[in-house]
Amino acid sequence: MRIRDVARMAWGQIIRRKMVTLLCMMGLSIGSAAMIIALSVGQSVQTYSEKTLNDNYKMDEITITPNEGIRTGNGKGGGQTSKFERGALTLEKIQIIQRLPHVVAVAPMLKLDSLEMVLPDGRSTYVEVIGTELQTLGGFGYKYAEGRGAEDGRMAVTSYGAAFGLIDPKVTQKLFEQLNADPYNNELLQQYTEMSSKQDQLVQQRVQFRYEDYADASKTKMSGSVRVSGELTKPSNVDEMSAQGDKKVYLPLDTARALQDELGLQQADGSAAKRLNSALVKVEDKRYVSQVEEQIQKLTLNTQSNLFQEEAMASQLTMYQKAALGIGGFIMLLASLSIVVAMIMSTHQRRKQIGVMKVLGANLWQIRQMFITEAAMLGLMGGLAGVGIAFAALGGVNSLLASQMADRVNGPMTVVIQQSALPLGIVFAVLVGVVSGIYPAISASRTNALTVIKSM
Amino acid sequence: MLQVDQLSHSFRNAQGIVPVLQDINLTIGEGKMVALLGSSGSGKSTLLNLMAGLMKPDQGRILIAGQDIVRFSENRLAEFRRSHIGFIFQSYELLSNLTIRENVELPLVFMGISPAKRKAKALKLLEQVGLGEKANLFPSQLSGGQQQRVSIARSLITEPSVIFADEPTGNLDTETEEEIIAILQQLNRELNTTFVIVTHEAEVAEQMQVVLTLQHGILVEEAVREV
């Protein structure tokens, strides 16, 4: 029997019994749409979450810290650190890490405390001071809005946010006193907001850093001046408010160590002079992060990446996806039952026709073939309708997401129908159709031709 | 040639086992027109169904074209029926969703014959039974006699060696009955196909070359006539 003939006969039955066809298709199309939506939503959420994670958590970066083990003593550096020399983070280790496969950039870091950056006119703001090799900043995606980093001399590079909110401390203090007295004064609040969001030109300015010991005012120290040689651009993935709040000053390592000495920030442990307190590693791709981490850990260093965020997200997504697939599967099961019932009814109604076909020479397989093809066609039609339903449903979902997530930095999440989900949804619907058609097909082929012809 | 050896068959009902056919032996030559005559319950339809391979006998052999069809599996029997046996039903049994031509073509569909060949053959047979112009109509648009002619054309399309007809004129009026018998006789002459026709009407049987009379499941008479 030719495939075309089988298909034609099956199609004839499908169009002849419109109501049964419609009922079967409805169940299958909803099930198929549920599968497509589940897969597409799962994939889109994963893509969006990965993008958000990459933007917010920098998934391809590893933070390295010294492996100091468990310190004893007073925690101020007076403990048995000499026992942990192997775990120190040194420039020699940084050079080794730079040569590891898949490592794109390594920035050694000597983080000082949060210090008050003071301009020559006395205005100031608090910044995080970090000693590093300034030429490595480019490897981490930082770009200069103005000037550039210079390793020679007492130079500094400021983040975008460091140029905001430079206010005279006396003005700030006065404003705070007024606000304390009148906390609901909108004019004062407005004035403070305006001052905080005022941007200064820092490049080529000389700045100093003040370390204030609040417990003992006599220990407050001011560093020597440092010239700002460059200013970084605002990161594209951060909103304006957050970017203004991210106040950092990057200095060459030597300058940072000099500042430590000038401000008395050096730990009592003298051997720490050549050590770093952290380093940042940029890896070619996040899939190499674990591999690079393992290599770094062999240097007796601690590593920390944001892969755990992804793992946590992946497990959550898997749960959601399983739930959605479960719902889709359940609908498919119901659809499958509806096909079984509809086709058994159809077999019963058509048993005389089946009997005649058998008398005319149709064998068991040919009868089964006709019923299974019919079920597969129902599955195909249901699957195609499911694609239409999925597109319509996701169109609605996207409109809703666009209205609900319009203010997000990364833009609203868009659920994109996965190309791979479409054939999968259709194939699944066809498979459900075929599997559901097996029992009715076998039942039909077992029809006793003579009995049914004589009885009707 | 069709040969039946020591064929017996019985049915089981609430009263027990009821013998329907007992030790039937017969031989039907090629190109013969044979009537199976008998009153209701004589076993003539059962014999026809057994010879057509629609039932399995309790014992005995049925040889068609030298092959014992009793030993065949269901699928093998379907294949054999497709190429060697034609069947004409009392109530025509045309598929209502197919056109006349498609109904005639149906046995060839199961043989995997190409649509073009099927169509040509079906149209030729419909011409032979006088329905060439009605090829695209549906069964419900034809009279009973016309439907039976379609059924005859369908039984002939595979060029079988033997055609079994179960009361082919049972649902028709006398005039149409004569018309159908005439067509069968004409086709028998033209194609040299063997026809085995079950009937309870002596008038129909009289027009056949061989008349096999059954009574209570026993072949009581085998009459050969010159028609």
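**Exercise 1. Find out how strand E1 of chain B is joined to strand E4 of chain B, and place both in their sheet.**

Step 1. In this predicted model, strand E1 (residues 2–13) and strand E4 (residues 59–64) of chain B run antiparallel, and five bridges join them.

Step 2. For a landmark you can click on, take B:Gln3, which stands opposite B:Leu63 in E4(B).

Step 3. Now widen the view. Four strands of chain B make up an open sheet with antiparallel pairing, in the order E2-E1-E4-E5. Strand E2 (16–28) and strand E5 (67–68) of chain B are the edge strands, each pairing on one side only.

Step 4. Add the helix. Helix H1 (residues 44–51) of chain B lies across E1, E2 and E4 of chain B, and its direction makes an angle of about 120° with E1(B).

**Exercise 2. Work out which strands stand at the edges of the six-stranded sheet of chain B.**

Step 1. Write down the strand order, E6-E7-E8-E3-E9-E10 in chain B; this open sheet has mixed pairing.

Step 2. Look at the two ends of that order. Strand E6 (85–88) and strand E10 (218–224) of chain B each have a single partner strand, so one side of each lacks a neighbour in the sheet. From one strand to the next, the twist averages 20°.

Step 3. Follow E10(B) to its partner. Strand E9 (residues 210–215) of chain B pairs with E10(B) in the antiparallel sense, over six bridges. Within this pair, B:Val210 has B:Val224 as its bridge partner in E10(B).

Step 4. Look for the helix here too. Helix H6 (residues 174–191) of chain B lies across strand E3 (33–38), E6 and strand E8 (194–199) of chain B, at about 160° to E8(B).

**Exercise 3. Describe how helix H3 of chain B packs on helix H4 of chain B.**

Step 1. Recall what is needed: two packed helices are described by the angle and the distance between their axes.

Step 2. For helix H3 (residues 100–111) and helix H4 (residues 115–128) of chain B, the axes come within 9 Å and cross at roughly 125°. That angle makes H3(B) oblique to H4(B). The crossing of H3(B) past H4(B) is right-handed.

Step 3. Pick out the contacts. On the H3(B) side they include B:Val104 and B:Leu108, and on the H4(B) side B:Ala122 and B:Leu126 are among them. By class, the contact of H3(B) with H4(B) has seven nonpolar residues, no polar ones and five charged.

**Exercise 4. Classify the two crossings that helix H11 of chain A makes with H10(A) and H12(A).**

Step 1. Start with helix H10 (residues 351–359) and helix H11 (residues 364–404) of chain A, whose axes come within 10 Å and cross at roughly 140°. H10(A) is therefore oblique to H11(A), and H10(A) passes H11(A) in a right-handed crossing.

Step 2. Check the side of H10(A): A:Ile354, A:Met357 and A:Lys358 meet A:Leu364, A:Ile367, A:Met370 and A:Phe371 in H11(A). The residues of this contact divide into six nonpolar, no polar and one charged.

Step 3. Turn to helix H12 (residues 421–445) of chain A. The axes of H11(A) and H12(A) come within 6 Å and cross at roughly 150°. Angles over 145 degrees count as roughly antiparallel, and H11(A) and H12(A) are therefore roughly antiparallel to each other.

Step 4. Finish with handedness and makeup. H11(A) passes H12(A) in a right-handed crossing, and the contact of H11(A) with H12(A) has 19 nonpolar, five polar and one charged residue.

**Exercise 5. Summarise the interface between chain A and chain B.**

Step 1. Count the residues: 26 of chain A are in contact with 26 of chain B.

Step 2. Give the area. About 2400 Å² is buried between chain A and chain B, and carbon and sulfur atoms give 59% of this.

Step 3. Name the leading residues. A:Val359, A:Leu360 and A:Leu450 supply 26% of the area that chain A buries against chain B, more than any other three residues.

Technical notes
Residues are numbered from 1 along each chain as its sequence is written. Chains are lettered from A and ligands numbered from 1 in the order in which they are written. This is a predicted model: local features need pLDDT of at least 70, side-chain atom pairs count only at pLDDT 80 or more; totals for chains, interfaces and linings use all residues. Side-chain values use heavy atoms; hydrogens and water are left out. Two strands pair if DSSP finds at least two bridges between them. Axes are lines fitted to C-alpha atoms, for helices over the stretch in contact, and angles run from 0 to 180 degrees between N-to-C directions. Contact means heavy atoms within 4.5 Å. Angles under 35 degrees count as roughly parallel, over 145 as roughly antiparallel, 65 to 115 as roughly perpendicular and the rest as oblique. A crossing is left-handed if the near helix is turned anticlockwise from the far one by less than a right angle, and right-handed if clockwise. Ala, Val, Leu, Ile, Met, Phe, Trp, Tyr, Cys and Pro count as nonpolar, Asp, Glu, Lys and Arg as charged, and the others, Gly among them, as polar. Buried area is the accessible area (1.4 Å probe) that two parts lose on being put together, summed over both.
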